[in-house]
Amino acid sequence: MLERLETMEQLVEKVQQRMHGFAQRCDKLESELEENKKQLQNKDLELIRLRKEHQRLVEQKEREAMQLKKERKQAQEKLQEILNRFKALSGDSDNQS
């Protein structure tokens, strides 16, 4: 009977050690999980920031493209005006000759 009690005590002690080991492992894994969650949050925030930055750059390039089209149109209109004046002047000199 005494042997059985000793064997049971040893068994209980081993189970306690294993449970303690499992508890430590569980704590470690919970800690790693929290760290991973923080890293994921930071990555999500970085992704949001990059998307906003990308959108801002796209909008800026669109504005620049619209401005360039406007300037091109104005330049073409000025060139056409100069060409029309030149033609008018050339036509007047042909008529005066």
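## One long helix, end to end

At 79% relative accessibility, methionine 1 counts as exposed. In this predicted model, methionine 1 sits in the segment before helix α1. That helix covers residues 2–96, and the protein has one helix and zero strands. The radius of gyration is 41 Å, well over the 13 Å that the globule rule gives for 97 residues, so the protein is more spread out than a compact globule. The C-alpha trace tells a matching story: along its principal axes it spans about 140 × 10 × 10 Å.

### What that does to the surface

How much of the protein is made up of buried residues? The share is 0% of the 97 residues. To count as buried, a residue has to come in under 20% relative accessible area. Glutamine 60 is a handy example from helix α1: its relative accessibility is 27%, so it lands in the partly exposed class. Histidine 54, also in helix α1, reaches 51% and therefore counts as exposed, given that the exposed class begins over 50%.

Taken as a whole, the protein has an accessible surface of about 9,900 Å². Carbon and sulfur atoms account for 56% of that area.

Two pairs of positions give you a feel for distances along the rod-like trace, which spans about 140 × 10 × 10 Å. From glutamine 60 to leucine 89 is 29 residues along the chain, and their C-alpha atoms are separated by 43 Å. From histidine 54 to aspartate 27 is 27 residues, with 40 Å between the C-alpha atoms.

### Two patches around the start of the chain

Back to methionine 1, then. Which residues join Met1 in a nonpolar surface patch? They are Leu2, Leu5 and Met8, and the patch comes to about 510 Å².

There is a charged patch to look at as well. Glu3, Glu6, Glu9 and Glu13 form a negative surface patch. One of these residues, glutamate 3, belongs to helix α1 and is exposed, with a relative accessible area of 65%.

### Charges and how they pair

Now for the charges across the whole protein. There are 21 positive and 20 negative ones, and the mean positions of the two sets are 7 Å apart.

Side chains of opposite charge can pair when their charged atoms come close. How many salt bridges does the structure hold? It holds five, and three of them are worth a look here, among them the pair glutamate 46 and arginine 49.

| Salt bridge | Closest N and O atoms | Spacing along helix α1 |
|---|---|---|
| Glutamate 46 – arginine 49 | 2.8 Å | three residues |
| Lysine 61 – glutamate 64 | 3.5 Å | three residues |
| Arginine 85 – glutamate 81 | 2.9 Å | four residues |

Start with glutamate 46 and arginine 49. Both lie in helix α1, with a spacing of about one turn of the helix. Glutamate 46 has a relative accessible area of 36%, so it is partly exposed. Its partner arginine 49 is partly exposed too, at 44%.

Next along is the pair of lysine 61 and glutamate 64. Again, both residues lie in helix α1 and about one turn separates them. Are these two side chains exposed or partly exposed? Lysine 61 is exposed, with a relative accessible area of 52%, whereas glutamate 64 is partly exposed at 34%.

The last of the three joins arginine 85 to glutamate 81. Here the spacing is four residues, which is also given as about one turn of helix α1. Arginine 85 counts as exposed because its relative accessibility is 53%, and the cut-off for that class is over 50%. Glutamate 81, at 41%, counts as partly exposed.

### Putting it together

So what should you take from the picture on your screen? The protein has one helix and zero strands, and buried residues make up 0% of it. The residues Met1, Leu2, Leu5 and Met8 supply a nonpolar patch, while Glu3, Glu6, Glu9 and Glu13 supply a negative one. Further along helix α1, the salt bridges include glutamate 46 with arginine 49, lysine 61 with glutamate 64, and arginine 85 with glutamate 81.

Technical notes
Residues are numbered from 1 along each chain as its sequence is written. This is a predicted model: local features need pLDDT of at least 70, side-chain atom pairs count only at pLDDT 80 or more; totals for chains, interfaces and linings use all residues. Side-chain values use heavy atoms; hydrogens and water are left out. Helices (H or I, at least four residues) and strands (E, at least two) are DSSP runs, numbered from the N terminus. The radius of gyration is taken over C-alpha atoms; the globule rule is 2.2 Å times the number of residues to the power 0.38. Buried means under 20% relative accessible area, exposed over 50%, partly exposed in between (1.4 Å probe, protein chains only). Accessible areas come from the Shrake-Rupley method with a 1.4 Å probe; for residues, only the protein chains shown count as cover. Lys and Arg count as positive and Asp and Glu as negative; His and the chain ends are not counted. The place of a charge is taken as NZ of Lys, CZ of Arg, CG of Asp or CD of Glu. Patches are made of residues with over 30% relative accessible area and no salt bridge: like charges are joined within 9 Å, nonpolar side chains (Val, Leu, Ile, Met, Phe, Trp, Tyr) within 5 Å. A salt bridge is a side-chain nitrogen of Lys or Arg within 4 Å of a carboxyl oxygen of Asp or Glu.
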